[in-house]
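Let's walk through this one together, strand by strand and pair by pair. Keep the view open as you read.

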Amino acid sequence: MKIEDVRRTGYSMPLTNPAYPVGPYRFFNREYLIITYRTDPAALEKVVPEPLKVTDPIVKYEFIRMPDSTGFGDYTETGQVIPVEFEGRKGGFVHSMYLDDEAPIAGGRELWGFPKKLAKPRFRVESDVLVADLHYGSVLCASGTMGYKYKPADHDAVMASMLAPSWLLKIIPHVDGSARILELVEYYLEEVTIKEAWTGPAALGLFPHAICDVAKLPVLEVLSAVHIKADLTLGLGKVVHDYLKD
């Protein structure tokens, strides 16, 4: 293979058999259970990087079912998003993500800088309850429940939350183990169509684990919950801060 061929075709590893295809990345019937809770402000300050600013001691714990997505397939994901502010704009810092599919793990980390790790999240309906949990190996690390289609949610408020900016800390190491890329990345959800949006009573439990450390942002009080089903495109990101230069 010629050098020019490597430059032309190389966008991911392995070179001749990439872990994921080129986008755009469109999701159909993407289903969310988002439980918003109050946590320890000191714990948040330890994990949110400047120049992002913590505005309130709040965390959004998300369980997401993605049964039909271009390039990434059928998978389930879970993790924590922290409401923050950047340059006067409010959005979310994606702190942790756990999922069960190699393609979105590789693509998410390489393209955007999503903090994705391999684990076993689940998302389902049991009678009149929406049930979701996260296992790392055989160990339960998170458990969330919500009354199923209990009460319609405010469509405009849900849409506004989905269209807000999100930020990621992208870290790619050099061959000597030092950081070669260390960037704050901003991205948006695009072409969003909300099919359903519900709210209702919810509960969330987070349990200590050495590697899957979601419990380090403890649940002090559950504030609200929303169940959403939507079609959307995951927009590619842009660098808004380079930690190695700025």
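A residue is called buried here when its relative accessible area is under 20%. E186, at 2% relative accessibility, therefore counts as buried. Keep in mind that you're looking at a predicted model.

So what does E186 meet in a salt bridge? The partner is R89, and the two side chains come to 2.8 Å, N to O. R89 sits in strand β5 (residues 89-99) and E186 in strand β12 (residues 179-187), so this pair ties together parts that are 97 residues apart in sequence. The two ends are not covered alike: R89 has 29% relative accessibility and therefore counts as partly exposed, while E186 is buried at 2%.

Now swing over to strand β3, residues 58-69. Nine of its 12 residues are buried, so call this strand mostly covered. On one hand, β3 runs antiparallel to strand β1 (residues 25-38), with 10 bridges joining the two. R38 of β1 has I58 as its bridge partner in β3. On the other hand, β3 pairs with strand β4 (residues 73-86), again in the antiparallel sense, over eight bridges. There you can pick out R65, whose bridge partner in β4 is T76. The β3-β4 hairpin has three residues between its strands, and G71 takes a positive phi near 85° in it.

Back on β1, have a look at T36. With 8% relative accessibility, T36 counts as buried. Its side chain makes a polar contact with the side chain of K60, at 3.3 Å. Once you set aside the neighbours within four places in sequence, T36 is in contact with I58, V59 and K60, and also with E221, V222, L223 and S224.

E221 turns up again a little further along. Which residue forms a salt bridge with E221? That would be R38, with the closest N and O atoms 3.2 Å apart. Since R38 lies in β1 and E221 in strand β15 (residues 221-234), the pair ties together parts that are 183 residues apart in sequence. Both partners are partly exposed: R38 has a relative accessible area of 33%, and E221 comes in at 38%.

That's a good moment to talk about charge pairs. Side chains of opposite charge can pair when their charged atoms come close. The count of salt bridges in this model comes to 12. Another one to find is K116 with E77, where the side chains meet at 2.5 Å, N to O. K116 is in strand β6 (residues 116-118) and E77 in β4, so to speak two distant parts of the chain linked across 39 residues. Are these two buried or exposed? K116 is buried, and so is E77. There is also a small web of charges, with R122, R124, E126 and D133 joined into one network by salt bridges that share partners.

Two of the residues just named come up again around P121. This proline is in strand β7 (residues 120-126), and at 4% relative accessibility P121 counts as buried. Leaving aside neighbours within four places in sequence, P121 is in contact with T76, E77 and T78, with Y98, L99 and D100, and with D133 and L134. By contrast, try drawing a line from P121 to G88: they're 33 residues apart in sequence, and their C-alpha atoms are 34 Å apart in space.

Next, a helix. α3 covers residues 102-112, and its buried residues are A103, P104, I105, A106, G107, G108 and W112. What caps the N-terminal end of α3? D101 does, with a side-chain oxygen lying 3.5 Å from the backbone nitrogen of A103. After α3 comes G113, with a positive phi near 100°.

Finish the tour at the surface. M1, V6 and L15 make a nonpolar patch of about 280 Å². M1 belongs to the segment before α1 (3-9), and at 65% relative accessibility M1 counts as exposed.

Conventions
Residues numbered from 1 in each chain as written. Predicted model: local features only at pLDDT ≥ 70, side-chain atom pairs only at ≥ 80, totals over all residues. Heavy atoms only, no water. Buried < 20%, exposed > 50% of the residue type's maximum accessible area, 1.4 Å probe, protein only. Helix = DSSP H or I, 4+ residues; strand = E, 2+ residues; numbered from the N terminus. Pairing = 2+ DSSP bridges. Patch = residues over 30% accessible without salt bridge, like charges linked within 9 Å, V, L, I, M, F, W, Y side chains within 5 Å. Areas by Shrake-Rupley, 256 points an atom, 1.4 Å probe, with all protein chains shown as cover. Salt bridge = Lys/Arg side-chain N within 4 Å of Asp/Glu carboxyl O. Polar contact = N/O pair within 3.5 Å; in protein donor to acceptor, adjacent residues only side chain to side chain. Contact = heavy atoms within 4.5 Å.
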